[in-house]
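Hi,

Here is the structure I promised to pass on. Have a look at it first, and then read my notes below.

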Amino acid sequence: MARIPYRTPEDAEGRLREVLEAAPALNIFRLMAQADSAFIPWLRWGGALLGDLQLDPVVRELAILRVARLTPGAEYEWVQHDPIALAVGARQEQVDALRAGKIDAACFSEAERAVLRFTTQVVESAVVGDETFGAVAAALSPREIVELIMVIGQYMMVGRVMAALEIDLDEPIGDAALGAVERASELDD
C-alpha cells in the first residue's frame, strides 16, 4: 500500500481532472498528480522524453532499465519499461542481461555498452570517467548525450518517488504508455 493516497479524477478539478481522465490509470500518474501544479508540466516533460528525442528509443529504454536496476525499490519502473523496451526494438536477451546486471554482455553493441557504463556512473556517483565519456562521445552526438542525461535524471527521480512512497505495482501497459502519455500531456496546450 502506497504511503500517500493516489489522486483520482473525481478528487481533481479543471485541467488536472481532464488530464487524469485522459492519462492511463497507472499508479505513477495518480501518485505524481498529488503535486497539482507540477503534474501536468511533468507529464509533458515525460512525453517529450518518450517521444521527441533524437536519442534512439532502444538506447533510451536500455538506460531506463539500467536506472531501474540500480535504484532500490524501483521495481515498478522495471515492470513498466521492460515491455516498452521490447516494443521499441530491444531484444529479450538484452533485457535479460540488464536484469542480471551484465552490462558488458555480448548482446549489446559497443555503443550500447558505453551508454550502460555511462548510465551506471551517472546514477552511482554523477561523475563520469574520461574513458567512459570518450566512448559515449564516440557513439552519440552532444545533443544525444544531454538527452541521455535528461532521461537518466528523470527516471532516477521517478524511481526515488516510487521507492520512498512505496508505490503499488500496476500491470504493465507496454508501448501503449508512449502514445497515452503524449496525448494526455497535450491536453494542456
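**What I found**

The chain has 189 residues, and a compact globule of that length would have a radius of gyration near 16 Å; the value here is 17 Å, which agrees. Keep in mind that this is a predicted model. Along the principal axes, the C-alpha atoms fill a box of roughly 50 × 35 × 30 Å. Buried residues account for 49% of the chain.

The secondary structure is quick to describe: ten helices and zero strands. If you read from the N terminus on, the elements go α-α-α-α-α-α-α-α-α-α.

**Helix 4**

Start with helix 4, which covers residues 57–70. Its 14 residues reach 20 Å from the first C-alpha to the last, close to the 20 Å expected at 1.5 Å a residue. How many of its 14 residues are buried? Eleven are, so you can call helix 4 mostly covered. Among the buried ones are V58, L62, I64 and L65, and the charged-letter residues R60, E61 and R66 are on that list too. At the N-terminal end, D56 acts as a cap: one of its side-chain oxygens lies 2.8 Å from the backbone nitrogen of V58.

**Salt bridges**

The structure holds 13 salt bridges. Some general background: side chains of opposite charge can pair when their charged atoms come close.

One of the bridges joins R99 and D82, with the closest N and O atoms 3.0 Å apart. This pair links distant parts of the chain, as R99 sits in helix 6 and D82 in helix 5, 17 residues apart. Are the two partners buried or exposed? R99 counts as partly exposed because its relative accessibility is 39%, while D82 counts as buried because its value is 13%. The cut-off for buried is under 20%.

Another bridge is found in helix 7 (residues 110–125). There, E110 pairs with R113, and their closest N and O atoms are 2.9 Å apart. Because E110 and R113 are three residues apart in this helix, about one helical turn separates them. In general, an α-helix has 3.6 residues a turn, so residues three or four places apart point the same way. E110 is partly exposed, at 47% relative accessible area, whereas R113 is buried, at 16%.

E110 has a further partner: its side chain also meets that of R117 in a salt bridge (3.4 Å, N to O). R117 is partly exposed, with a relative accessible area of 24%. Salt bridges that share partners join D104, E110, R113 and R117 into one network.

**A loop and a surface patch**

Next, find A90 in the loop between helix 5 (75–88) and helix 6 (92–99). Is A90 buried or exposed? It counts as buried, because its relative accessibility is 6%. A90 and Y76 are 14 residues apart along the chain, and their C-alpha atoms are separated by 19 Å.

Finally, turn to the surface. Which residues make the nonpolar patch there? W45, V146 and M150 do, and the patch comes to about 250 Å². W45 belongs to helix 3 (residues 36–51). W45 is partly exposed, with a relative accessible area of 35%.

Cheers

Definitions and conventions
Residues are numbered from 1 along each chain as its sequence is written. This is a predicted model: local features need pLDDT of at least 70, side-chain atom pairs count only at pLDDT 80 or more; totals for chains, interfaces and linings use all residues. Side-chain values use heavy atoms; hydrogens and water are left out. Patches are made of residues with over 30% relative accessible area and no salt bridge: like charges are joined within 9 Å, nonpolar side chains (Val, Leu, Ile, Met, Phe, Trp, Tyr) within 5 Å. Accessible areas come from the Shrake-Rupley method with a 1.4 Å probe; for residues, only the protein chains shown count as cover. A salt bridge is a side-chain nitrogen of Lys or Arg within 4 Å of a carboxyl oxygen of Asp or Glu. Helices (H or I, at least four residues) and strands (E, at least two) are DSSP runs, numbered from the N terminus. Buried means under 20% relative accessible area, exposed over 50%, partly exposed in between (1.4 Å probe, protein chains only). The expected span of a helix is 1.5 Å times one less than its number of residues. A polar contact is a pair of N or O atoms within 3.5 Å; within protein, one must be able to donate a hydrogen and the other to accept it, and residues adjacent in sequence count only if both atoms are side-chain atoms. The radius of gyration is taken over C-alpha atoms; the globule rule is 2.2 Å times the number of residues to the power 0.38.
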